[in-house]
Amino acid sequence: MKCSVKAFGIAREILDARELMLDLPDGATVAQLRQLLIGRYPRLGALTSLFIAVNTEYAPDDRLLLSGDEIALIPPVSGG
Amino acid sequence: MIKITEKPIDIQKVIDATASLGAGAIDVFIGTVRNTAHGKNVVWLEYEAYEAMAVAEIRKIMAETSQRWPILGSAVCHRVGTLKPGEVSVVIAVSAPHRKEAFEACEYMVSRLKEKVPIWKKEIFEDGEEWISAHPSTSNTYN
């Protein structure tokens with residue numbers, strides 16, 4: 001299953017890309033995606049937190065990813 | 001009103017968006033860029049947003065706020081891009097029948113915005129740069 005993942009802030013700098021295409025196994029969860037990305041980009045694992053948004057909402061770890069989902073990496077926010 | 005913009009914020013427009021004849025108070029929070037952090041001079045800040053999600057999260061915060069206080073209107077405008085010290089980064093306005101609710105609701109909205117809304121800022125110093133709150137090892141956990 002091909003999925004595109006957007007990245008913002010420090011996550012965008014670590015990936016060196018605003019968007020990444022990933023091939024995920026069918027039935028992959030948010031937690032599995034996070035593990036895969038931290039495995040590939042260890043600096044993501046050093047962040048205070050790394051939430052994953054699916055279709056512009058914070059997604060729980062057990063959320064199943066579907067092809068066509070809008071997936072985004074959300075490092076610690078700091079608006080204001 | 002919910003707006004993410006690269007242009008300077010028109011503060012009066014944000015206030016006007018909350019106007020209501022039933023309001024006895026409008027509380028306004030104006031966030032500005034500070035010129036120092038950890039004793040170092042900040043040259044500028046870079047803000048970026050995941051705009052679609054930021055708008056959705058702000059909408060949720062507005063709904064939560066109206067459930068907790070009898071507010072009449074609320075508006076949020078957040079700037080992105082390059083901001084220099086002294087510039088306005090965010091304006092939040094809340095109208096309510098009485099000042100107490102307006103103060104409390106506005107403070108709640110600011111706090112929730114800082115916790116939940118996908119907007120990021122990077123401080124650019126004379127000798128380096130740092131994404132705020134990104135790492136637990138840095139002393140900079142406030143923002």
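**Exercise 1.** Find out which residues A:Tyr41 touches, not counting residues up to four places away in sequence.

*Solution.* Start with the list: A:Tyr41 touches A:Ile14, A:Leu15 and A:Leu20, where contact means heavy atoms within 4.5 Å. Before going on, a word on what you're looking at: this is a predicted model, in which local features need pLDDT of at least 70 and side-chain atom pairs count only at pLDDT 80 or more, while totals for chains, interfaces and linings use all residues. Residues are numbered from 1 along each chain as its sequence is written, chains are lettered from A and ligands numbered from 1 in the order in which they are written, and side-chain values use heavy atoms, with hydrogens and water left out.

Next, place the residue. A:Tyr41 sits in the loop between α2 (30-40) and β3 (51-54) of chain A; helices (H or I, at least four residues) and strands (E, at least two) are DSSP runs, numbered from the N terminus. Its relative accessibility is 17%, so A:Tyr41 counts as buried. The cut-offs are these: buried is under 20% relative accessible area, exposed is over 50%, and partly exposed is in between (1.4 Å probe, protein chains only). Last, pick A:Ser4, 37 residues away along the chain: its C-alpha atom is 16 Å from that of A:Tyr41.

**Exercise 2.** Work out where A:Asp69 lies and which side chain its own side chain meets in a polar contact.

*Solution.* First, the place: A:Asp69 belongs to the loop between β4 (57-58) and β5 (71-74) of chain A. With a relative accessible area of 12%, A:Asp69 is buried. Now its partner: the side chains of A:Asp69 and A:Asn55 make a polar contact at 3.2 Å. (A polar contact is a pair of N or O atoms within 3.5 Å; within protein, one must be able to donate a hydrogen and the other to accept it, and residues adjacent in sequence count only if both atoms are side-chain atoms.) Leaving aside neighbours within four places in sequence, the contacts of A:Asp69 include A:Ser4, A:Val54 and A:Arg63.

**Exercise 3.** Describe how chain A and chain B meet, starting from the area they bury between them.

*Solution.* The two chains bury about 2200 Å², 56% of it on carbon and sulfur atoms. Buried area here is the accessible area (1.4 Å probe) that two parts lose on being put together, summed over both. Chain A puts in 22 residues and chain B 30 residues. Between the chains there are 2 salt bridges, a salt bridge being a side-chain nitrogen of Lys or Arg within 4 Å of a carboxyl oxygen of Asp or Glu. For example, A:Arg12 pairs with B:Glu48, with the closest N and O atoms 2.4 Å apart.

Polar contacts come next: the interface has 18 residue pairs of that kind (both at pLDDT 80 or more). On the side of chain A that touches chain B, the elements giving two or more residues are α1 (9-15), β4 and β5. The largest share, 4 residues, comes from α1(A). Sort the residues of that side by type and you get 11 nonpolar, 6 polar and 5 charged. (Ala, Val, Leu, Ile, Met, Phe, Trp, Tyr, Cys and Pro count as nonpolar, Asp, Glu, Lys and Arg as charged, and the others, Gly among them, as polar.)

**Exercise 4.** Track down the salt-bridge partners of B:Lys100 and B:Lys122.

*Solution.* Take B:Lys100 first: its partner is B:Glu104, and the closest N and O atoms are 2.9 Å apart. Both residues lie in helix α3 (residues 99-116) of chain B, 4 residues apart, about one turn of the helix. B:Lys100 is exposed, with a relative accessible area of 57%, whereas B:Glu104 is partly exposed at 32%.

Now for B:Lys122, whose side chain meets that of B:Glu129 in a salt bridge (2.9 Å, N to O). B:Lys122 is buried, its relative accessible area being 9%. Salt bridges with shared partners join A:Glu13, B:Lys122 and B:Glu129 into one network. Over all chains, the whole structure has 12 salt bridges.

**Exercise 5.** Count the disulfides over all chains, then look at B:Cys77.

*Solution.* The count is 0 disulfides, taking a disulfide as a pair of cysteine sulfur atoms within 2.5 Å. B:Cys77 is in none, and the nearest cysteine sulfur, that of B:Cys106, is 14 Å away. With a relative accessible area of 3%, B:Cys77 is buried.
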